[in-house]
Amino acid sequence: MSLFKVYPLFDIEITKGKGSFVWGAEGTKYLDLYGGHAVISIGHSHPHYVSKISEQLNNVGFYSNSVQIPQQKELADKLVALSGKEGYELFFCNSGAEANENALKLASFYNGKKKVISFSKGFHGRTSLAVAVTDNPNIVAPVNETDNTIILPFNDEEALENAFAENEISSVIIEGIQGIGGIYLPTQSFMDKIRSLCDKHNAIYIADSVQCGYGRSGKFFAHDYYNIDADIYTMAKGMGNGFPVGGVLISPKFEAKFGMLGTTFGGNHLACAAGIAVLDILKEENLLENATSLGEYAINELKGISGVKEVRGRGLMIGIELDQEAGPIRGKLLKEHKIFSGSASNKNTIRLLPALNVGKEEIDTFINALKEVLK
Ligand SMILES: Cc1ncc(COP(=O)(O)O)c(C=O)c1O
């Protein structure tokens with residue numbers, strides 16, 4: 001039997017990873033500035049991560065959400081301490097789409113309304129409502145089509161005001177930095193407008209932090225740059241450094257009821273061990289500070305390279321817009337310089353999403369390689 005071919009694949013098999021490097025089966029060493037799709041937050045096979053998961057597996061790997069799992073509380077406490085979201089509560093799930101699906105549901109349970117606003121170039125996942133609020137008709141199946149979603153132009157305050165005036169809005173979902181779209185930042189006044197319209201109309205502000213959260217931007221949530229608290233933050237990717245963990249961080253205005261949300265695998269012992277290890281390392285190794293300072297350094301250096309039109313982003317979530325298609329350039333970076341980078345739906349953009357403990361030396365390696373391939 002063959003695999004259902006939904007991914008175009010590189011002819012590379014990764015057999016080992018350490019920090020910001022991975023090795024192919026034949027021994028080639030690659031610099032991973034793609035972080036395995038924005039997932040690797042504390043570096044590949046970090047010793048603390050390996051020992052936490054191994055230790056947990058030697059005790060118990062899984063039991064259901066019908067018993068006490070103190071590791072869930074430990075993770076939640078550490079998450080609140082590092083993110084500063086005092087009083088918020090955590091619901092565990094397994095992926096970014098699931099986190100958004102649950103957030104959108106929770107909003108609708110809360111205010112009894114149905115319509116959701118999202119934005120052009122946004123991506124929120126592939127489950128039914130998450131994909132319906134995603135701006136990509138190619139991945140929306142007819143069964144996912146619904147009248148409950150309104151996709152508005154990004155950063156358009158007038159369109160937002162009109163949508164609120166004409167509809168009963170349940171929630172607004174927005175990435176703190178658009179990822180797959182090509183690394184685009186919302187403006188301060190747009191975020192202020194979302195917050196004030198949600199407050200005025202009893203709607204819920206959902207901060208999709210699946211890609212831009214967990215320290216990637218240099219702050220715990222990229223939304224924190226706007227000095228606004230969202231009602232719900234959704235998380236996945238960097239939360240488990242590769243172990244499938246997702247989470248919904250929920251403000252105190254919501255009241256939980258038994259059975260309201262639920263999952264078989266979410267918050268299991270192994271997932272928590274992975275998640276706790278990530279939070280420990282983010283804190284102990286000051287990785288948010290590293291993301292901020294190295295991100296600033298990288299963005300400044302990249303701006304000066306000939307062939308680079310624009311550099312967007314914050315921290316270690318960087319979009320490099322070239323004056324040509326990025327695909328062939330990324331191909332050369334991989335083939336000639338053994339560097340993994342990310343693509344975006346904006347075809348001229350290279351996305352950098354390295355581990356948050358990447359070093360200056362690795363960033364310099366990339367800068368020199370990019371100069372070389374753009375020559
Ligand atoms: C901003 C954002 N939201 C949601 C998702 C969906 O996450 P997952 O693939 O874990 O379901 C992604 C994945 O790329 C994402 O970038």
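The paragraphs below lead through a predicted model, from its domains to its sheet, its ligand shell and a loop residue.

The chain is divided into domain 1, which covers residues 58–282, and domain 2, which is made up of residues 286–354 together with 369–375. Between the C-alpha centres of domain 1 and domain 2 there is a distance of 27 Å, and the two domains meet through 18 residues of domain 1 that are in contact with 18 residues of domain 2. On the side of domain 1 that touches domain 2, the residues divide into eleven nonpolar, five polar and two charged.

An open sheet is formed by seven strands, which follow one another in the order S4-S10-S9-S8-S7-S5-S6 with mixed pairing. At its edges stand strand S4 (89–93) and strand S6 (149–152), and because each has a single partner strand, one side of each is left without a neighbour in the sheet. From one strand to the next the twist averages 20 degrees.

Towards the S6 edge, strand S5 (residues 115–119) runs parallel to S6 and is joined to it by four bridges, with Ser118 standing opposite Ile151 of S6. Helix H7 (residues 188–200) packs on the sheet, where it touches strand S7 (169–175) and strand S8 (204–208), and the direction of H7 makes about 145 degrees with that of S8. Strands S7 and S8 are themselves parallel and are joined by five bridges; in this pair Ile174 stands opposite Ala207 of S8. How enclosed is S8 by the rest of the structure? Five of its five residues are buried, so S8 is largely enclosed. The burial concerns both faces of S8, since Ile204, Ile206 and Asp208 on one side, and Tyr205 and Ala207 on the other, are all buried.

The ligand is surrounded by 14 residues, of which the closest are Ser95, Gly96, Ala97, Gly125 and Val210. Helix H4 (residues 96–111) gives the most to this shell, contributing three residues. By residue class, the shell around the ligand divides into five nonpolar, seven polar and two charged residues.

A further set of pairings is centred on strand S12 (residues 317–322), where five of the six residues are buried, so that this strand is largely enclosed by the rest of the structure. Strand S11 (residues 308–314) is antiparallel to S12 and is joined to it by six bridges, and Gly313 has Ile318 of S12 as its bridge partner. Two residues lie between the strands in the hairpin of S11 and S12, in which Gly315 takes a positive phi near 55 degrees. S12 also pairs with strand S14 (residues 349–352), again in antiparallel fashion and through four bridges, with Ile350 of S14 as the bridge partner of Ile320.

The last stop is Ile42, which has its place in the loop between helix H1 (35–38) and helix H2 (47–59). Is this loop residue buried or exposed? Ile42 has 26 other C-beta atoms within 10 Å, and because the threshold for burial is 20 or more, Ile42 counts as buried. Leaving aside residues up to four places away in sequence, Ile42 touches Tyr49, Asn241, Val278, Ile281, Leu282, Leu287, Ala355, Leu356 and Asn357. Ile42 and Gly19 are 23 residues apart in sequence, while their C-alpha atoms are 7.5 Å apart in space.

Terms used:
Residues are numbered from 1 along each chain as its sequence is written. This is a predicted model: local features need pLDDT of at least 70, side-chain atom pairs count only at pLDDT 80 or more; totals for chains, interfaces and linings use all residues. Two strands pair if DSSP finds at least two bridges between them. Axes are lines fitted to C-alpha atoms, for helices over the stretch in contact, and angles run from 0 to 180 degrees between N-to-C directions. Two residues are in contact if their C-beta atoms, placed from the backbone, lie within 7 Å. A residue is near a molecule or strand if its C-beta atom, placed from the backbone, lies within 6 Å of it. Ala, Val, Leu, Ile, Met, Phe, Trp, Tyr, Cys and Pro count as nonpolar, Asp, Glu, Lys and Arg as charged, and the others, Gly among them, as polar. Domain bounds come from an automatic or database domain assignment. A residue is buried if 20 or more other C-beta atoms lie within 10 Å of its own, exposed if 12 or fewer, and partly exposed in between; C-beta atoms are placed from the backbone.
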